[in-house]
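User: Hey, can you walk me through how this one packs together? I'd like to start with the helices and then poke at a few residues.

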Amino acid sequence: MNPCNLNGLGVTREDSWAVGHFNIHNQEFIRSVVRAAEQERSPAILAVGMMSIKYMGLAPLISSCQLIAKETDVPVAVHLDHARDLDIVRQALDLGINSVMFDGSSFGYEENVEKTTEVVRMAHDCGATAEGEIGIVPHGTDTVSEDDMTDPARAVEFAERTGVDYLAVSLGSVHGMKTAGTSLNQDLLKSLHEQINVPLVLHGASGVVDDHLKAAVENGIRKINVNTGLKVVLKDFLSSRLIDEADADLLEDLDAGMDAVAEAVAGKMRLFGSSNKA
Ligand SMILES: [Zn+2]
């Protein structure tokens with residue numbers, strides 16, 4: 001079916017499950033996520049991030065997602081992850097992307113409000129959904145300072161002023177972690193979920209322990225971003241496969257690699273409660 005925006009995936013603020021956002025980097029990752037979504041009968045988000053755009057190009061990535069999504073019967077959204085300027089948002093919307101995330105966390109508060117509001121307007125004009133971020137989910141550290149975590153009063157105001165459909169919040173997770181050892185501030189999450197009337201998003205889930213991911217879903221997270229963990233799965237799988245099955249055809253290796261990533265994605269879908277929600 002044609003890919004849809006985040007509203008079309010069926011999860012709402014009032015539900016008690018979360019939809020998985022899986023960063024994809026090439027056709028193999030796209031097919032892995034769709035394979036898992038079909039197996040689990042789960043909706044899924046194919047997320048296009050800046051590193052992957054640099055690697056594959058914006059148009060080839062978005063059109064690969066759209067073509068593969070059309071072949072499946074589970075709801076799939078194509079989403080731009082961590083846009084930091086309006087040009088890339090415009091280009092992605094012109095290519096028919098279904099959803100965009102604007103990361104204004106490096107700007108001052110007022111500039112973040114102003115730019116995010118503009119992104120929401122651009123997205124809604126195209127029938128797309130928009131995600132904003134308030135608070136900072138850092139890269140390349142082990143911990144998140146209290147100051148970087150989302151302030152509830154600011155977040156309420158930010159959601160109201162910008163009109164975002166989804167809001168990413170900072171609860172203690174960190175981007176780019178290769179192993180899971182982080183816990184989240186669940187009390188902060190409960191308070192944010194109570195006060196904010198849009199679904200909340202967790203970034204940096206690869207570093208968060210499963211128990212805390214499960215609790216986060218119970219406490220109000222409705223979209224969970226997974227990136228680094230899936231790269232680790234493929235890299236680990238291929239590094240042993242290429243030695244163990246040295247005579248195999250490369251395409252067989254890649255296909256087996258897609259199965260390994262699909263298995264990891266399916267595990268996340270079960271953890272997030274999105275299985276059988278398609
Ligand atoms: Zn992120």
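Analyst: Here is a quick tour of helix packing, cores and single residues. This is a predicted model, where local features need pLDDT of at least 70, side-chain atom pairs count only at pLDDT 80 or more, and totals for chains, interfaces and linings use all residues. Residues are numbered from 1 along each chain as its sequence is written, and side-chain values use heavy atoms, with hydrogens and water left out.

User: Cool. At what angle do α8 and α10 pack?

Analyst: About 45 degrees, with the axes of α8 (residues 210-218) and α10 (residues 250-272) 9 Å apart. Axes here are lines fitted to C-alpha atoms, for helices over the stretch in contact, and angles run from 0 to 180 degrees between N-to-C directions. Helices (H or I, at least four residues) and strands (E, at least two) are DSSP runs, numbered from the N terminus.

User: So what do we call α8 and α10 relative to each other?

Analyst: Oblique, therefore, for α8 and α10. The cut-offs are under 35 degrees for roughly parallel, over 145 for roughly antiparallel, 65 to 115 for roughly perpendicular, and oblique for the rest.

User: Which residues in α8 and α10 meet?

Analyst: From α8 you get D210, L213, K214 and V217, and they meet K268, L271 and F272 in α10. Contact means heavy atoms within 4.5 Å. That contact of α8 with α10 divides into 4 nonpolar, no polar and 3 charged residues. For the classes, Ala, Val, Leu, Ile, Met, Phe, Trp, Tyr, Cys and Pro count as nonpolar, Asp, Glu, Lys and Arg as charged, and the others, Gly among them, as polar.

User: And how do α9 and α10 cross?

Analyst: At roughly 140 degrees, with the axes of α9 and α10 coming within 9 Å. Among the residues of α9 that meet α10 are L230, V233 and F237, and the α10 side includes A256, G257 and A260. By class, the contact of α9 with α10 has 11 nonpolar, 1 polar and 3 charged residues.

User: What about the class split for α5 with α6?

Analyst: First the geometry: α5 (residues 109-125) and α6 (residues 152-162) cross at roughly 35 degrees, and their axes come within 9 Å. Y109, V113 and V120 are among the α5 residues there, meeting α6 residues including F158 and R161. The contact of α5 with α6 has 4 nonpolar, 4 polar and 4 charged residues.

User: Switching topic, how many residues are in the largest nonpolar core?

Analyst: 78, and L80, L167 and I224 have the most contacts inside it. α10 gives the most to this core, with 7 residues. A nonpolar core is a set of buried Ala, Val, Leu, Ile, Met, Phe, Trp, Tyr and Cys residues joined through side-chain atoms within 4.5 Å. There's also a second, separate core of 12 residues that includes L6, W17, I45 and V201.

User: What does I224 touch?

Analyst: Leaving aside neighbours within four places in sequence, I224 is in contact with A18, V19, G20, H21, L202, A205, L213, V217 and F272.

User: Is T228 buried or exposed?

Analyst: Buried, because T228 has 13% relative accessibility. Buried means under 20% relative accessible area, exposed over 50%, and partly exposed in between (1.4 Å probe, protein chains only). T228 lies in α9 (residues 228-244), and past four places in sequence T228 is in contact with G176, M177, K178 and S206.

User: Same question for Y55, buried or exposed?

Analyst: Exposed, at 58% relative accessibility for Y55. Y55 sits in α2 (residues 50-56) and touches H25 and N26, not counting residues up to four places away in sequence.

User: Last one, where is G135?

Analyst: G135 is in the loop between β5 (129-134) and α6. Not counting residues up to four places away in sequence, G135 touches S105, D148, T150 and S170.
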